[in-house]
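Reader: I should like to understand how the terms used for a protein model are justified. May I ask about them one by one?

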Amino acid sequence: MSVSRTMEDSCELDLVYVTERIIAVSFPSTANEENFRSNLREVAQMLKSKHGGNYLLFNLSERRPDITKLHAKVLEFGWPDLHTPALEKICSICKAMDTWLNADPHNVVVLHNKGNRGRIGVVIAAYMHYSNISASADQALDRFAMKRFYEDKIVPIGQPSQRRYVHYFSGLLSGSIKMNNKPLFLHHVIMHGIPNFESKGGCRPFLRIYQAMQPVYTSGIYNIPGDSQTSVCITIEPGLLLKGDILLKCYHKKFRSPSRDVIFRVQFHTCAIHDLGVVFGKEDLDDAFKDDRFPEYGKVEFVFSYGPEKIQGMEHLENGPSVSVDYNTSDPLIRWDSYDNFSGHRDDGMEDGNKQNTNSQSIGSISGGLEDQYTWPDTHWPSQS
């Protein structure tokens with residue numbers, strides 16, 4: 001396929017035919033706005049000339065009126081850059097892709113993204129598993145092409161939580177992951193190995209926990225001097241009821257500056273949690289997995305139970321006398337939410353500029369939704385005994 005010289009010269013656009021009928025169009029978050037708009041028009045002209053009215057564009061990043069104006073058929077499925085979408089949203093995207101591609105042999109899907117290509121990677125990998133469940137043998141080459149694209153272009157830049165959600169999705173489809181319907185209460189988050197976020201070592205961590213991208217908990221600020229501790233335990237009493245898509249974000253509040261850094265971020269879905277003790281190593285933590293300030297041996301442990309009552313026998317988790325806690329969480333820096341109004345914001349690539357859009361559109365019979373986070377319709381998952 002020939003791409004216009006304008007696109008090639010700008011070095012802003014990455015346009016790939018993953019298969020003959022799935023096209024990935026990606027722009028970096030740092031793309032110059034003028035070039036971005038110019039390339040958007042170029043892409044639209046190319047798609048119309050090559051595919052006419054047979055392409056459906058899936059916008060995986062922020063809503064933009066110019067995208068809607070340039071393309072006749074657009075579905076909005078955006079979510080914050082460097083994050084993973086809700087498990088339900090992954091299911092809805094795959095169902096929408098499958099419905100469109102099966103409606104006409106000439107139909108093609110265009111995955112549009114501005115920011116890290118991990119968003120496209122999640123969709124490609126998920127659809128590879130989705131199409132494998134009911135696909136015919138002649139789609140084997142397409143699955144091979146999707147696998148190669150994912151491994152070559154996405155794995156080196158993807159986030160651990162994005163890979164985790166693809167694993168969840170694949171396991172639920174195949175039946176290798178059984179549904180956990182029990183409520184989970186989070187009591188302790190233990191950081192083994194103290195990151196060095198201050199010049200003298202140590203850090204000042206606090207937690208923000210989100211359920212379905214809505215904040216449900218903010219911890220106090222823990223002050224941990226360097227070399228004073230080998231671990232720190234953040235205790236939540238009574239236990240915090242969690243259900244569905246969970247995001248836990250651990251920040252460092254800088255000592256002499258009114259700003260904060262992300263120590264680690266981790267996303268998981270409670271339906272796939274079957275153990276009351278879950279450990280995420282450094283390689284499993286977004287941001288931290290490539291941050292030298294987080295020790296290589298470091299890990300984060302979650303302690304759950306099936307009720308809100310305090311877990312007996314956990315006294316050994318209490319922190320040493322050198323750890324102090326500031327429970328004044330009224331500071332706007334602590335309360336500041338990274339995800340309100342995602343759809344109205346332009347800074348996809350900025351960690352704290354990311355905003356969450358909880359809306360997605362559907363076409364025809366594409367409803368794709370889950371009645372709730374634990375009742376998965378048979379149209380999406382195989383029945384499990």
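Author: Certainly. The model is predicted, and it holds 15 salt bridges. One of them joins D66 and R64, whose closest N and O atoms are 2.8 Å apart.

Reader: What makes the contact between D66 and R64 a salt bridge?

Author: A salt bridge requires a side-chain nitrogen of Lys or Arg within 4 Å of a carboxyl oxygen of Asp or Glu. The closest N and O atoms of R64 and D66 are 2.8 Å apart, so the pair meets that cut-off. R64 and D66 also belong to a network of salt bridges that links them with E33, R37 and E62.

Reader: Why are D66 and R64 called buried?

Author: Buried means under 20% relative accessible area. D66 has 18% and therefore counts as buried; R64, at 3%, counts as buried too.

Reader: How do you know that D81 and R119 form a salt bridge?

Author: Their closest N and O atoms are 3.8 Å apart, and the cut-off is 4 Å, so the pair qualifies. D81 lies in the loop between β4 and α4, while R119 is in helix α5, 38 residues apart, and the pair thus links distant parts of the chain. D81 is buried, with a relative accessible area of 2%, and R119 is buried at 0%.

Reader: Which parts of the chain does the salt bridge of R265 and D287 tie together?

Author: The two side chains meet at 3.0 Å, N to O. R265 lies in strand β13 and D287 in the loop between β14 and β15, so the pair ties together parts that are 22 residues apart in sequence. R265 has a relative accessible area of 0% and is buried; D287 is buried at 17%.

Reader: What makes the phi of L82 worth mentioning?

Author: Most residues other than glycine have a negative phi. The phi of L82 is near 70 degrees, a positive value in a residue other than glycine. L82 is placed in the loop between β4 and α4. A212 also has a positive phi, near 55 degrees, and lies in the loop between β8 and β9.

Reader: Is L82 buried or exposed, and why is A212 called partly exposed?

Author: L82 has a relative accessible area of 18%, so it is buried. For A212 the value is 40%; partly exposed covers the range between 20% and 50%, and the term therefore applies.

Reader: What is the peptide bond between E237 and P238 called?

Author: It is a cis peptide bond, with omega about -5 degrees. P238 lies in strand β11. Most peptide bonds are trans.

Reader: Why is α7 described as mostly covered?

Author: Of the 15 residues of α7, 11 are buried, among them P160, Y165 and F169. Its reach from first C-alpha to last is 21 Å, close to the 21 Å expected. Just after α7, G175 takes a positive phi of about 90 degrees.

Reader: What makes the lining of the second largest cavity nonpolar?

Author: By class, that lining has 8 nonpolar, no polar and no charged residues. Its residues include W79, I90 and V123. Trp, Ile and Val count as nonpolar, so these three fit the class. In the largest cavity, the lining divides into 5 nonpolar, 5 polar and 1 charged.

Notes
Residues are numbered from 1 along each chain as its sequence is written. This is a predicted model: local features need pLDDT of at least 70, side-chain atom pairs count only at pLDDT 80 or more; totals for chains, interfaces and linings use all residues. Side-chain values use heavy atoms; hydrogens and water are left out. On a 1 Å grid over the protein atoms alone, a cavity is a set of points where a 1.4 Å probe fits but cannot get out, and a pocket is an open set with protein on both sides within 12 Å along at least five of seven lines; lining residues have an atom within 4 Å of a point. Helices (H or I, at least four residues) and strands (E, at least two) are DSSP runs, numbered from the N terminus. The expected span of a helix is 1.5 Å times one less than its number of residues. Buried means under 20% relative accessible area, exposed over 50%, partly exposed in between (1.4 Å probe, protein chains only).
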